[in-house]
Amino acid sequence: MSNHIKTELKIETINDLGALYDRAFNVVKNALDKGSKNFGLATGGTMLPLYDRIRNSDLDFTQCKSVNLDEYVGLPKAHPESYIAFMKQQLFHDKPFKKSNLPNGEAVDPHAEAARYEMLLQQMTLDFQLLGIGENGHIGFNEPGTPFDSETHVVELEESTRIANARFFNSLNEVPTEAITMGISSIMRAKQILLIAVGEKKRPALEALLKGEVTEEIPVTILKKHPNVIVLTDLVI
Ligand code: F6R
């Protein structure tokens, strides 16, 4: 029996990072030009060159809404590494949306906050979702083993994820242990997805997506079941 899955993934391998991010910018621009109103956004190092291009463009998101994938639990909003602070600095100051939403990582009850965020997501059609990929194959902060039918929830971050993100903090101890993340089913409801995977560290996860089976052990593999995904990568798999 073959495990081969017919995939709708459109994989574009672009060796030159400048050209890759120009292409990413154009995918976002096309979505906006075609009338996308609700944008799912991501944080992380992968997104920096894309947000830089958007900041320095004439794209106008003032008639659009944004929802971010995730936020650390317990990190003050004013902390420079909170995802709200990242988004303000990298995008929202220069490119405001009509309304921008992130989970509130300072909520007294993070589980109630996750439920509130899920309700908000269910009330909107997500036209476009931007995704990075974790070294362990996470999308959002859906760590390996997360059920594919998960909705927005509180997650305990894997040690490997905290180590990967420690580069943004003074020490590993400062990296929060929990986050609120959109669930996999919430991400899969987006009409179009752009996944950006750059750098050798992402090779095993990308290889799993392109060549492996769909498995909850590697969350990104669910994207094979989505009808409209563009993957931009500098890796030849
Ligand atoms: C960020 C997010 C994460 C990152 C992933 C890759 O909002 O949801 O899934 O996309 O951890 O992070 P970087 O880009 O820093 O390698």
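Guide: Rings of Phe, Tyr and Trp, the last through its six-membered ring, form a pair if their centres lie within 6.5 Å. The model shown above is predicted, and by this rule the count comes to 10 aromatic pairs.

Visitor: How is a pair of aromatic rings described?

Guide: A pair of rings is described by the distance of the centres and the angle of the planes. In this structure, the rings of Tyr-72 and Phe-169 have centres 5.9 Å apart and planes at 75°. Planes over 60 degrees apart count as edge-to-face, so Tyr-72 and Phe-169 are an edge-to-face pair.

Visitor: Which parts of the chain does this pair link?

Guide: The pair links distant parts of the chain, 97 residues apart. Tyr-72 belongs to strand β4 (residues 70-72), whereas Phe-169 lies in the loop between α5 (159-165) and β8 (178-181).

Visitor: Strand β4 leads to the sheets. How do strands of a sheet pair?

Guide: Strands pair through backbone hydrogen bonds, either parallel or antiparallel. Here, β4 belongs to an open sheet of 3 strands with antiparallel pairing, in the order β4-β8-β7. Its edge strands, β4 and β7 (153-156), each pair on one side only. Neighbouring strands of this sheet are turned by 25° against each other on average, direction ignored.

Visitor: Over how many bridges do β7 and β8 pair, and which residue stands opposite Glu-178 in β8?

Guide: The antiparallel pairing of β7 and β8 extends over 4 bridges. Opposite Glu-178 in β8 stands Glu-156. Helix α4 (residues 110-122) lies across both β7 and β8, and runs at about 130° to β7.

Visitor: What is the strand order in the open sheet of 7 strands?

Guide: The order is β1-β10-β9-β6-β2-β3-β5, and the pairing is parallel. At the edges are β1 (10-13) and β5 (99-101), each of which pairs on one side only. The average turn between neighbouring strands of this sheet is 15°, direction ignored. Within the sheet, β9 (residues 192-197) and β10 (residues 229-233) pair in the parallel sense over 5 bridges, and Ala-197 stands opposite Thr-233 in β10.

Visitor: Which strands does helix α1 touch as it packs on the sheet?

Guide: Helix α1 (residues 17-33) touches β1, β2 (38-41), β6 (128-131), β9 and β10. The direction of α1 makes about 165° with that of β9.

Visitor: Let us turn to the ligand. Which residues are closest to the ligand?

Guide: The ligand is surrounded by 13 residues, of which the closest are Thr-46, Asp-70, His-138, Gly-140 and Lys-202. An N or O atom in the side chain of Thr-46 is 2.4 Å from a ligand oxygen atom. For His-138, a polar side-chain atom lies 2.7 Å from an oxygen atom of the ligand. Gly-45 contributes a polar backbone atom, 2.9 Å from a ligand oxygen atom.

Visitor: How much of the area that the ligand exposes alone does the protein bury?

Guide: Taken alone, the ligand exposes 410 Å², and the protein buries 94% of that.

Conventions. Residues numbered from 1 in each chain as written. Predicted model: local features only at pLDDT ≥ 70, side-chain atom pairs only at ≥ 80, totals over all residues. Heavy atoms only, no water. Pairing = 2+ DSSP bridges. Helix = DSSP H or I, 4+ residues; strand = E, 2+ residues; numbered from the N terminus. Axes fitted to C-alpha atoms, helices over the stretch in contact; angles between N-to-C directions. Contact = heavy atoms within 4.5 Å. Near = heavy atom within 4 Å. Polar contact = N/O pair within 3.5 Å; in protein donor to acceptor, adjacent residues only side chain to side chain. Areas by Shrake-Rupley, 256 points an atom, 1.4 Å probe, with all protein chains shown as cover. Phe/Tyr/Trp six-rings, centres within 6.5 Å; stacked < 30°, edge-to-face > 60°.
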